[in-house]
Amino acid sequence: MEAQIRNYEISLSRLSYHAAALHVLLAGRRIQWLLRKANFHPDEPRVPAGNPDGGQWTTIGGGSYRLPSGARVTRVGDRPHLFRLRPGMLDEDDDLPGFEDFPDIPIVRPRHATDRHSIVRRIPMAPFVGRPAGTLPRKLEEIGAPAWLREYYPHIDAYTQGPELQAGARSSRPGYDIHHIVEKTPALEEGFPKSLVNGPDNLVSIPRFKHWEITGWYQTKNPKFESISPRMFLTKGDWQARRMIGMKALKYYGVLQ
Amino acid sequence: MKGLNPASLTDAELAERFAQNGIAQSEALLRNSSKRFNRIFDENSKIIDELKGRPGDARSALISLYGHRNYQVRLNAAQATLSIAPDQARRQIEEIASSKHFPQAGDAGMCLWMLDEGMFKPR
């Protein structure tokens, strides 16, 4: 009899354990559901707690989105989820033509990196920006640009710095990449020694977006290189030829003077 | 892009297609999509060849694109017409290089350097 009672107690204890586990599981599912409903993106950059400029939740277009404090949401036709950079917002002297070509910026962070990059990389190039070196992120904050742009402020800031600053450091910094003057992978594949390819004379810290521009130039077909890419063209080139092209690319892409 | 038959299009239609391709290439660069850029490059090469083979070298139809607001279109047009309008085309490339509108300004700078060094001989 005692053994039977003991067995019942064990079963009850197990049931209680499973009920508690189920409760925790359901609570987790409910939180997930609530976050989805609120359009919460865990990888979206947030203003730190306690910051007087901290973000706030607002409702746009039927969903809840987080906007920077003081953000002005500009209705773009019937598409209120977009933010439009307009002349006068970033620079008083921005009556240059071309601003109408600038794409509207989604309030919500685009899911795909390529979509984000195609927007962000245009910002320092916008004809109405006036190239305010080092001040662009602050200006974007002031005008209440979408919060997701903040993760790219180091890149935008680096891009708008002068060439001396861009080439000055050899270590990795936010918004900067280590760039191989002679392209790394093709050089290693052609048998150049690692000590040369990864040596200090072949490395420079440059803004990430500049790094992408130059890498893109190497990868794309070009009429000046017999309609193949410079990378392909240089396949049989010696170190000096590769280095000369690499240095000229840094110069003409505005990294080195 | 598939199935383009350049021979079936007029000079103006080819120029328009060339311009649209330049805009698409510009976007491809911003998305780090070299494959897309290169596919479009191949089509633009066909357009250039077709225009070049027409009576009187119809690449002159691309000169109207010098004033295009997209920098990639302007650069493509200027490079494609260097041999038929060398001074005009070079001025365009110089303007793009000094505009600081990257990445097109970078490639334009490389173009001027290679022209001056005799490394690029437009045909």
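In the predicted model, long-range contacts are prominent in the count for chain A: among its contacts with a separation of 6 or more, 58% join residues 24 or more positions apart. Chain A comprises ten helices and six strands. Of its 257 residues, 42% are buried.

Helix α10 of chain A runs over residues 239–252. Its 14 residues reach 20 Å from the first C-alpha to the last. That is close to the 20 Å expected at 1.5 Å a residue. Six positions on α10(A) are buried: W239(A), R242(A), I245(A), G246(A), A249(A) and L250(A). These residues lie on the same side of α10(A), because they cover an arc of only 140 degrees around the axis. An α-helix has 3.6 residues a turn, so residues three or four places apart point the same way. The packing partners of the buried residues of α10(A) come from both chains. In chain A they are β5 (176–180), α6 (184–189), α7 (194–197), β6 (203–207) and α8 (208–219). Chain B contributes α5.

Helix α2 of chain A covers residues 113–120. Its buried residues are R116(A), H117(A), S118(A), I119(A) and V120(A). They too pack against elements of both chains. The partners in chain A are β4 (105–106), α4 (153–160) and α8. The partner in chain B is α1 (11–30).

Internal space was examined next. Two cavities of 30 Å³ or more were counted. The largest cavity holds about 90 Å³ of space. Its lining consists of I181(A), V182(A), E183(A), P186(A), Y218(A), R231(A), L234(A), T235(A) and R242(A). By class, five of these residues are nonpolar, one is polar and three are charged. One lining residue, R242(A), is also among the buried residues of α10(A).

The loop between α8 and α9 (230–233) of chain A contains E226(A). This residue has a positive phi of about 55 degrees, although it is not a glycine. E226(A) counts as exposed because its relative accessible area is 60%, and exposed means over 50%. S227(A) sits in the loop between α8 and α9 of chain A as well. Its phi is also positive, at about 60 degrees, and S227(A) is not a glycine either. The relative accessible area of S227(A) is 33%, so this residue is partly exposed.

In chain B, helix α4 spans residues 86–99. At 1.5 Å a residue, its 14 residues should span 20 Å. The end C-alpha atoms are 20 Å apart, which agrees. The buried residues of α4(B) are A89(B), Q92(B), I93(B), I96(B) and A97(B). Viewed down the axis of α4(B), they fall within an arc of 135 degrees, so they line one face of the helix. The face turned away from this buried side carries the exposed residues D87(B) and S98(B). On the buried side, the packing partners are α3 (71–80) and α5 (104–116) of chain B.

Q92(B) gives a closer view of helix α4 of chain B. Its relative accessible area is 12%, so Q92(B) is buried. Beyond its neighbours within four places in sequence, Q92(B) is in contact with Y66(B), R74(B) and A78(B). Two of these partners, R74(B) and A78(B), fall within the residue range of α3 (71–80) of chain B.

The chain after α4(B) has two notable backbone features. K100(B) follows the helix and has a positive phi, near 65 degrees. The peptide bond from F102(B) to P103(B) is cis, with omega near 5 degrees. P103(B) lies in the loop between α4 and α5 of chain B.

Helix α1 of chain B includes R17(B). At 23% relative accessibility, R17(B) is partly exposed. R17(B) and L29(B) are twelve residues apart in sequence. Their C-alpha atoms are 18 Å apart in space. This α1 (11–30) of chain B is the element against which the buried residues of α2(A) pack, together with β4, α4 and α8 of chain A.

Technical notes. Residues are numbered from 1 along each chain as its sequence is written. Chains are lettered from A and ligands numbered from 1 in the order in which they are written. This is a predicted model: local features need pLDDT of at least 70, side-chain atom pairs count only at pLDDT 80 or more; totals for chains, interfaces and linings use all residues. Side-chain values use heavy atoms; hydrogens and water are left out. On a 1 Å grid over the protein atoms alone, a cavity is a set of points where a 1.4 Å probe fits but cannot get out, and a pocket is an open set with protein on both sides within 12 Å along at least five of seven lines; lining residues have an atom within 4 Å of a point. Grid points are joined across faces, edges and corners, and a volume is the space filled by probe spheres set on the points. Ala, Val, Leu, Ile, Met, Phe, Trp, Tyr, Cys and Pro count as nonpolar, Asp, Glu, Lys and Arg as charged, and the others, Gly among them, as polar. Helices (H or I, at least four residues) and strands (E, at least two) are DSSP runs, numbered from the N terminus. The expected span of a helix is 1.5 Å times one less than its number of residues. Buried means under 20% relative accessible area, exposed over 50%, partly exposed in between (1.4 Å probe, protein chains only). The arc is that of the directions from the helix axis to the C-beta atoms. Contact means heavy atoms within 4.5 Å.
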